Amino acid sequence: MIKSYLLIAIRNMWKRKTFTLIHILGLSIAFGAAMVLFMTAMFDLSFDNFHVNSDNIYQVYREQYTHDGIEKDAPMPVPLGPAALAEITGIKHIARFGGSGGSVRSGEKLLDVSVHYTDPSFLQIFSFPLLSGNTGSALGSPDGVIITNSYAKNLFGTADVIGKRIEIRTDNEWKPFIISAVMKDQPKNSSFSFDILSRFENFPGYSANKDIWQNHNHPVFLQLKDGVSPQTFERSATPFIKKYFAENIKSLKRDGAKPDERGNYMNLKLLPLKDIHFSSISNIGPTVNPFFPWILILLSVVILFIAGSNFVNLSLAASFTRAREIGVRKTFGVLKSQLIVQFWSEALVICFISLLMGFVLVLSGLKSFSAFTGNKFSIQALLTPQFSLIFILIFLFTTLLAGGYPSWVMANFNTIRILQGKLNIGSKNSLRNMLTVIQFLIAVVLITATFVITKQLSFIRNKPLGFNKTQVISIPIGSNIDPESAVIQMRAKMAAYPNAVSISASDMNFGRGRDGSASTSIQTFDYKNRELKTNLARVDYDYLKTLDIPLIEGRDFSREFGTDTAAVLINEKMAAQLGEKNPVGKILPMGIEQGMKIIGVVKDFNFKNLHQEIKPLTMVSRADWPVSYIFIKVKAEDLPGSIAHIQKIWKEIDPQNMTEASFLDENTDREYKKEDRLSKIFTAGAGLAIFISCMGLFASALLSMNQRTKEIGIRKVLGASVAAIVTLLSKDFAKLVAIAFLIGAPVTWFIMNKWLEDFAYHISISGWILLSGGLIVLTVALLTVSIHAVKAALANPVKSLRSE
């Protein structure tokens, strides 16, 4: 019986090649797109879930109530970890985790390295398996380090490296270490990324900060005991906060802060490990908006829905050509259930072929998609038991709905009316109209959202940032060379290069350079009985000149003033925070014992990305504070030639440095990779949605024209023009698109305004953006319908009436 059903299904599919091709094309594209989107979403949702104790692992952060609102900070002081373990109940393990770039050498071989410093309990909290060595003793001695498998092979050519000696350069000096264990490389879905782990006591600045509670420079993670909730921990931490952060709380009270409902001005809070990848609080690993994976899942469901509804409409449109077949078969005693199974088996075969073709499409485009997302997906990701089970269920559900409804409708055709040639499903089929409205509602939302995202990306890329980003080259100095020596040598080289305008340096880059890092320093201090907070940057001479940052009051740092090592420049935001009418000459109680003198005020500039408002900034010029980046302003002529020449010179100064230079506009663009990826996904999704929707509209138009053949013939006999008939046939579909627009426009406006709230600087969604999305959908829809409408209007009315 099953074999008979399948043979009949294949024969009918072959007989109706055009409909079969449209079925398979639409569904295969939908299945392929859904697989890719779902795989990406599952990758993000799976971050850090491989740790055995993941449900009990948290990152500690501070929540404090200031006069400006609630602030949440993840960096912690060095003594917090051991003190919390001793004094707060409910903690099973706690580990500090400080990071630093550096270099490692073994013999003549020298490589850049990502070194992180942690406590031995890190290996008890997290599930990073060791390939060799012992978890209990791997970080037992101060000079013992753990190296990852791939890094060991890069450095030594083998993973058999236990007991080998290496030297790591941090804080501008080489320190000897012994490899005590080899760790399996971190999975791709890990927020933690490092090459070497060392004891936290080796963290730069540890000795100076081990008893200091005011400096916050690293994250802290802990594992709670079984049965202890985060709320219990937070309540237990209240006495601890009042004991060790008493000065901070005193300052908050003095500055007019309002406490929470429990009367606390500061709390220790816990961020679950599973939320770190989606949190702006954490400073560990790559982060994405928490809605992003769910948007992808929703988009995959939407595309499958559109393809499934098309299947329904196409099947109903094709039912007219099979009406007499159904009537004859029912006359000969075929049961309704047998007809349903027959038609559903045809749908099953089509869906199965579409699924296979969708899988092939994904395989063929997997490398391109991996490059596009920055995630290295492999075929194994599609073949995991979890992914396979989910997609089998989606396939069966799609097949059941998309094939089941048309099968039920066709099996319920009235036999007598079929044989009399009076079959009529109903020109005003409510389900068909609803499906069409939903399809184009989705298309309107996706197209309009794409416009908004594209316009916002254009806005943030073209918005003046207050500094010259097109002519300034950024060079990451790295740790192979003394930073001050590197700046001096580069100045000497650039003096002989005619395209170089000026050169400076800083510890803070703009955007994200080729080294992939971004850093910030924040300092708080009391000024006239108020606690002030400022971003801190170390800059070199000619910083304002190199970056074209306007000086609006006072003077710049100068070699002619030996006292400038005790001087600062501030931006307008910092000046406003001070509340001084004339801030130049005022002394800030920070840095050194006698304080730092303000010598100038610069115009505000965006030293962070446009997700954040411009914050107070204080710039210092102290030789004991090393710089990390060299900035070179070049002439506007031949920018590619200038960067190539400067890169060559830099290689001569530091042959071991593998990181390339880049223009600042490239760096700032890298800050918006997530938005750019979202834009591309929405653009592709919108394109697929409107393409598949038009296939459905093609089916709906065909169904409508088939049902109105006699009406069209009569109207032509009575003198109706071709234009009048086309208008008549198209207006119903135009109404459906109009309904979709009226619903979709406010929905899009609400959703995209929520998305724009993530930017401190953003566009306003104007009416023409919303209208443009609707007009595009309407134009494409009318063009699709017009193909059938013109064909029907031009048909011979005599033939139309005779066929009826």
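Me: What does an angle between a helix and a strand refer to here?
Reply: Axes are lines fitted to C-alpha atoms, and angles run from 0 to 180 degrees between N-to-C directions. In this predicted model, helix α17 (residues 483–495) lies across β12, β13 and β21 and runs at about 175° to β13. Helix α20 (residues 639–653) also packs on the sheet, touching β12, β21 and β22, and its direction makes about 25° with that of β12.

Me: What makes β12 and β22 a pair of strands?
Reply: Two strands pair if there are at least two bridges between them. Two bridges join β12 (residues 472–476) to β22, so the criterion is met, and the strands run antiparallel. Serine 474 has serine 662 in β22 as its bridge partner.

Me: Why is one side of β13 and of β22 left without a neighbour in the sheet?
Reply: The open sheet has the order β13-β21-β12-β22. β13 (500–506) and β22 (662–663) stand at its edges with a single partner strand each, so one side of each has no neighbour in the sheet.

Me: Why is the pair of tyrosine 543 and phenylalanine 631 called tilted?
Reply: The planes of tyrosine 543 and phenylalanine 631 stand at 55°, with 6.3 Å centre to centre. Planes under 30 degrees apart count as stacked and over 60 as edge-to-face, so 55° is tilted. Tyrosine 543 lies in helix α18 and phenylalanine 631 in strand β21, 88 residues apart.

Me: What makes the pair of tryptophan 755 and phenylalanine 759 edge-to-face?
Reply: The planes of tryptophan 755 and phenylalanine 759 are at 70°, which is over 60 degrees, so the pair is edge-to-face. Their ring centres are 5.3 Å apart.

Definitions and conventions. Residues numbered from 1 in each chain as written. Predicted model: local features only at pLDDT ≥ 70, side-chain atom pairs only at ≥ 80, totals over all residues. Heavy atoms only, no water. Phe/Tyr/Trp six-rings, centres within 6.5 Å; stacked < 30°, edge-to-face > 60°. Helix = DSSP H or I, 4+ residues; strand = E, 2+ residues; numbered from the N terminus. Contact = heavy atoms within 4.5 Å.
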